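The following paragraphs lead the reader through one protein chain, from its overall layout to some of its individual residues. Please keep the sequence and the three-dimensional view at hand while reading.

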Amino acid sequence: MEIMGLRIPTIISDNVAVRCDGCLGIIEGTPWRISILDTVAIEKPPSWAESAAINPGPFQFHADPAHVRAWMAGRGHLLCRRSQIRELMRPVVIPGEPPRLGLCDGLHRDDHEFVPA
Ligand SMILES: [Zn+2]
Ligand SMILES: [Zn+2]
């Protein structure tokens with residue numbers, strides 16, 4: 001599978017019990033898989049961004065955005081209000097102390113509005 005020039009490895013593990021990364025419960029049926037793309041910096045990436053290892057996933061959830069939000073909140077990530085939770089999310093480094101990651105689907109052209117997930 002290829003999206004916007006990026007190869008996304010497809011993992012097939014339908015015979016194995018899959019647990020939700022949000023609530024840790026077993027997922028019946030097809031999990032909702034979300035992958036995180038490479039970091040996009042708003043300006044210059046702080047050194048933290050280079051050292052922070054981002055697990056690109058895919059992460060697997062129940063088909064309910066609340067479970068994805070719970071996972072984001074548990075990791076301290078913010079969610080862009082102008083985006084929706086999709087299969088591919090783009091991380092944006094938000095400068096601060098400490099720096100945080102905001103996740104956005106990257107499909108809007110105006111400024112991000114990051115809020116707690
Ligand atoms: Zn769940
Ligand atoms: Zn955004």
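The model shown here is a predicted one. Its sheet offers a convenient point of entry. Strand β9, residues 88-94, pairs with strand β10, residues 100-104, in the antiparallel sense, and 5 bridges connect the two. Within this pairing, V92 has G102 of β10 as its bridge partner. The connection from β9 to β10 is a hairpin of 5 residues. The loop between these two strands contains P98, and the peptide bond that leads from E97 to P98 is cis, with omega near 0 degrees.

Strand β9 also pairs with strand β5, residues 32-36, here in the parallel sense and over 2 bridges. In this pairing I36 stands opposite M89 of β9.

With these strands located, the chain may be considered as a whole. It holds 2 helices and 11 strands. Read from the N terminus, the order of the elements is β-β-β-β-β-β-α-β-α-β-β-β-β. The protein chain has 117 residues, of which 23% are buried. Among the contacts with a separation of 6 or more, 61% are between residues 24 or more positions apart.

Helix α2, which spans residues 65-75, comes next. Which of its residues are buried? They are H67, V68 and M72. Viewed down the axis of α2, these buried residues fall within an arc of 140 degrees, and therefore they line one face of the helix. Their packing partners are β5, β7 (59-61), β8 (78-80) and β10. Just after α2 comes G76, whose phi is positive, at about 80 degrees.

Several of these elements meet again in the largest nonpolar core, which has 18 residues; L79 and L103 touch the most other members. Two or more residues of this core come from each of β5, α2, β8, β9 and β10. Leaving aside residues up to four places away in sequence, L79 touches R69, M72, G102, L103, F114, V115 and A117. Two residues met earlier thus return in this list: M72, a buried residue of α2, and G102, the bridge partner of V92.

The loop between β3 (18-19) and β4 (26-27) holds L24, and G22 has its place in that loop as well. Is each of them buried or exposed? L24 counts as exposed, because it has 9 C-beta neighbours inside 10 Å, where 12 or fewer define an exposed residue. G22 counts as buried, because it has 22 such neighbours inside 10 Å, where 20 or more are required. The backbone of L24 has a further feature: its phi is near 70 degrees, a positive value in a residue other than glycine.

The surroundings of G22 lead back to helix α2. Not counting residues up to four places away in sequence, G22 touches F61, H62, H67, V68, A70 and W71; H67 and V68 are among the buried residues of α2. G22 and A73 are 51 residues apart in sequence, while their C-alpha atoms are 9.5 Å apart in space.

One more peptide bond deserves attention. A cis bond joins G57 and P58, with omega about 5 degrees. P58 is located in the loop between α1 (47-51) and β7, and β7 is one of the strands against which the buried residues of α2 pack.

How values were computed:
Residues are numbered from 1 along each chain as its sequence is written. Chains are lettered from A and ligands numbered from 1 in the order in which they are written. This is a predicted model: local features need pLDDT of at least 70, side-chain atom pairs count only at pLDDT 80 or more; totals for chains, interfaces and linings use all residues. Two strands pair if DSSP finds at least two bridges between them. Helices (H or I, at least four residues) and strands (E, at least two) are DSSP runs, numbered from the N terminus. Two residues are in contact if their C-beta atoms, placed from the backbone, lie within 7 Å. The arc is that of the directions from the helix axis to the C-beta atoms. A nonpolar core is a set of buried Ala, Val, Leu, Ile, Met, Phe, Trp, Tyr and Cys residues joined through C-beta atoms within 7 Å.
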